[in-house]
Amino acid sequence: MVEAPDFTLASVASAPVSLGELIARGPALLVFVSEECPTSALTLRRLAPVAPALLKAGVEVAAVFADPLEVAARTARRAGFPAAVLSEPPPYEVSSAYGLQTVPTAVLVDRGGAQLGRVVGWDAEGLQALLAEAVGGDRAPSLGREPPLRKPGCTAKCALDPELMARLDASAPFDELEEMFERGWTDGLPVIPPTPERVRAMLGGRDGDLSLGTVPPGLGEATVARVAACAVLAGCRPEYFPVVLAAARAALAPAFNLNGQAVTTQPAGQLVVVNGPARELLDLNCGIGALGPGSRANLTIGRALRLLVSLTGEGYPGRLDRSTLGHPGKLGFCIAEDEETSPWEPFHVERGFAAERSVVTLMACDAPLSISDHRSTTPEELTRVLGWAAAATWSPNWWPLGAPSLFVICPEHAAMFRRAGWGKDRVREEMFAAVRRPARELRWGETTPQVMAARDEDMIPKWSSPDDILLLVAGGEAGRYSAVLGPCTGMGEQIVSEEVRWNT
Amino acid sequence: MEYVSPFDERRRAPVPLARRPAGMAGARVALLDITKRQGAQFLDRIESHLRDAGAETFRLSKEIFSKPAAPEIIRRIANRGDLAVEGLAD
């Protein structure tokens with residue numbers, strides 16, 4: 001009897017797994033593999049369909065990778081391998097203890113810890129015989145006769161000369177940025193690789209194992225470390241992380257219904273609005289080009305949240321994210337309010353926070369629609385221009401919207417309201433009163449039940465209430481271009497604000 | 001190179017597909033209206049076909065189409081139904 005050397009190895013699915021656990025209830029089939037080896041990939045693909053039957057028959061199946069855990073997880077996922085996935089670090093002492101020369105090598109271990117047999121390389125007949133031994137004769141699931149029936153394996157890493165390995169590693173062309181694309185850790189743009197050092201710096205002493213909850217729609221768990229990995233990938237500086245965490249907490253609040261937003265065919269992304277001292281501390285741009293490129297803080301904070309949704313939450317476009325068109329803000333969508341230029345109380349104060357607090361507010365928003373108005377001379381005129389621009393948001397005949405519209409008012413337009421002494425409520429009420437149309441003009445194409453039920457001459461407003469008109473101030477001091485951001489509708493979601501916690 | 005994965009790599013156990021019925025005769029079929037526009041029309045048509053095939057049907061509605069069904073709805077489907085049809089719509 002050849003005894004199977006014991007081991008405890010990191011597992012993709014659980015806490016570290018020992019040989020003792022694998023053979024606790026019956027025999028175990030250990031399949032030693034490596035990501036670089038095509039024969040290993042072939043073996044995993046061919047074993048994948050029979051693994052459930054083996055597990056059912058009481059045979060544990062484990063792929064033992066001579067690769068890091070995340071590489072093992074990715075390779076197993078691609079092969080559709082449904083059983084345990086373990087990772088062995090260099091210098092591959094377990095592989096050495098099993099006397100491995102080649103991967104793949106399948107080793108059958110019985111409940112008493114004895115090696116019953118092994119198959120080296122891909123050998124369909126040999127492996128079939130091993131499976132028969134594992135489950136006892138005819139009950140073994142069939143590997144099929146699909147060619148190739150035999151394929152030589154690759155040299156096991158433990159069998160390579162360490163000096164030669166080091167030289168090969170040093171000369172191998174390895175492009176970290178391409179590696180990130182290879183892993184799918186991207187939104188389509190290059191990312192910063194989340195090395196343990198960078199993630200540690202991002203965490204800033206926080207406990208990376210703490211969980212913020214699960215991220216819809218795929219329900220991956222948002223540990224603080226994974227949020228930090230997303231922040232690194234996005235290009236955040238560590239000082240941005242408290243704002244990213246606040247945005248993540250807001251996004252995961254059930255009231256926000258990220259689940260619906262993440263999978264809808266609508267274009268909406270998650271807009272992050274930042275108010276309070278964080279803007280100056282982090283150099284967030286609320287001035288010229290506030291909705292555009294140019295500011296690392298705005299772009300990377302918004303991007304970190306979107307990466308959390310699309311990677312940890314698996315809401316990736318074309319997979320669980322079914323947005324027909326999407327919009328550029330789904331790469332990252334973060335704006336700050338120019339509270340100092342605004343004639344009004346800041347957005348977060350309106351939402352019940354003290355002015356000196358830093359607050360992140362999340363809304364589901366469509367892309368910005370620019371509104372040029374260089375000619376209005378009164379606030380009444382300007383209000384009508386802004387409001388009627390919003391009339392076509394979502395759909396031209398969908399009145400009332402039943403969801404909020406966010407107006408980003410540029411400083412020159414804001415100045416006109418300041419001079420006239422118009423508060424936010426006045427702007428809202430005037431706009432609400434101005435933007436309405438008779439029902440008969442709205443009865444074509446996509447329209448609302450309210451329009452269908454109304455009499456022809458009934459005047460239908462664009463919004464259900466003045467409260468659905470949201471206002472904040474941002475942008476460059478010159479140029480009379482404001483913008484309106486349409487809603488995500490039908491989500492039953494609420495706007496959610498979270499205070500930035502700087503030290504936790 | 002070692003990296004910190006943004007993915008939750010824990011494998012979720014695959015849920016096996018339920019056993020397929022041999023026929024519809026006598027089957028109790030839940031029809032779940034997700035409350036999206038025109039979804040009820042789709043379910044009306046399906047319901048008519050199912051009844052013609054001898055199935056017994058019953059209807060349920062989600063509170064809102066954009067959120068997962070409440071556990072109570074799922075429980076009611078599981079307790080009373082052999083099969084369920086969910087109608088996406090627009």
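This report covers the contact between chain A and chain B, then a helix pair and a salt bridge within chain A. The model is predicted.

**The A–B interface**

The contact involves 43 residues of chain A and 18 residues of chain B. Together the chains bury about 2,600 Å². Carbon and sulfur atoms give 54% of that area. Three residues stand out on the side of chain A: A:Glu70, A:Trp185 and A:Arg226. They supply 18% of the area that chain A buries against chain B, more than any other three residues.

Polar links also join the two chains. There are 9 residue pairs in polar contact between chain A and chain B, counting pairs with both residues at pLDDT 80 or more. The salt bridges between chain A and chain B number 2. One of them pairs the side chains of A:Arg226 and B:Asp8.

Which elements of chain A give two or more residues to the side that touches chain B? The helices are α4 (69-79), α8 (176-183), α9 (196-203), α10 (224-234), α12 (258-263) and α14 (296-312). The strands are β6 (84-87) and β14 (220-223). The largest share, 5 residues, comes from α10(A). By class, this side of chain A has 24 nonpolar, 10 polar and 9 charged residues.

**Helices α4 and α8 of chain A**

Two of the helices that touch chain B, α4(A) and α8(A), also contact each other. Their axes come within 11 Å and cross at roughly 40°. Because of that angle, α4(A) is oblique to α8(A). From α4(A), the contact uses A:Glu70, A:Val71, A:Arg74 and A:Arg78. From α8(A), it uses A:Glu179, A:Glu182 and A:Arg183. Charge dominates here by count: 6 residues are charged, 1 is nonpolar and none is polar. A:Glu70 thus appears in this helix contact and among the three residues named above for the area buried against chain B.

**Salt bridges**

Over all chains, the count comes to 32 salt bridges. Two of them are set out here.

| Salt bridge | Closest N to O distance |
|---|---|
| A:Arg226 and B:Asp8 | 3.6 Å |
| A:Asp187 and A:Arg303 | 2.6 Å |

Where do A:Asp187 and A:Arg303 lie in chain A? A:Asp187 is in the loop between α8 and α9, and A:Arg303 is in helix α14. The two residues are 116 residues apart, and the pair links distant parts of the chain. Helix α14 of chain A also gives two or more residues to the side that touches chain B.

Key:
Residues numbered from 1 in each chain as written. Chains lettered and ligands numbered in written order. Predicted model: local features only at pLDDT ≥ 70, side-chain atom pairs only at ≥ 80, totals over all residues. Heavy atoms only, no water. Contact = heavy atoms within 4.5 Å. Buried area = accessible area lost by both parts, 1.4 Å probe. Salt bridge = Lys/Arg side-chain N within 4 Å of Asp/Glu carboxyl O. Polar contact = N/O pair within 3.5 Å; in protein donor to acceptor, adjacent residues only side chain to side chain. Helix = DSSP H or I, 4+ residues; strand = E, 2+ residues; numbered from the N terminus. Nonpolar A, V, L, I, M, F, W, Y, C, P; charged D, E, K, R; others polar. Axes fitted to C-alpha atoms, helices over the stretch in contact; angles between N-to-C directions. Parallel < 35°, antiparallel > 145°, perpendicular 65-115°, else oblique.
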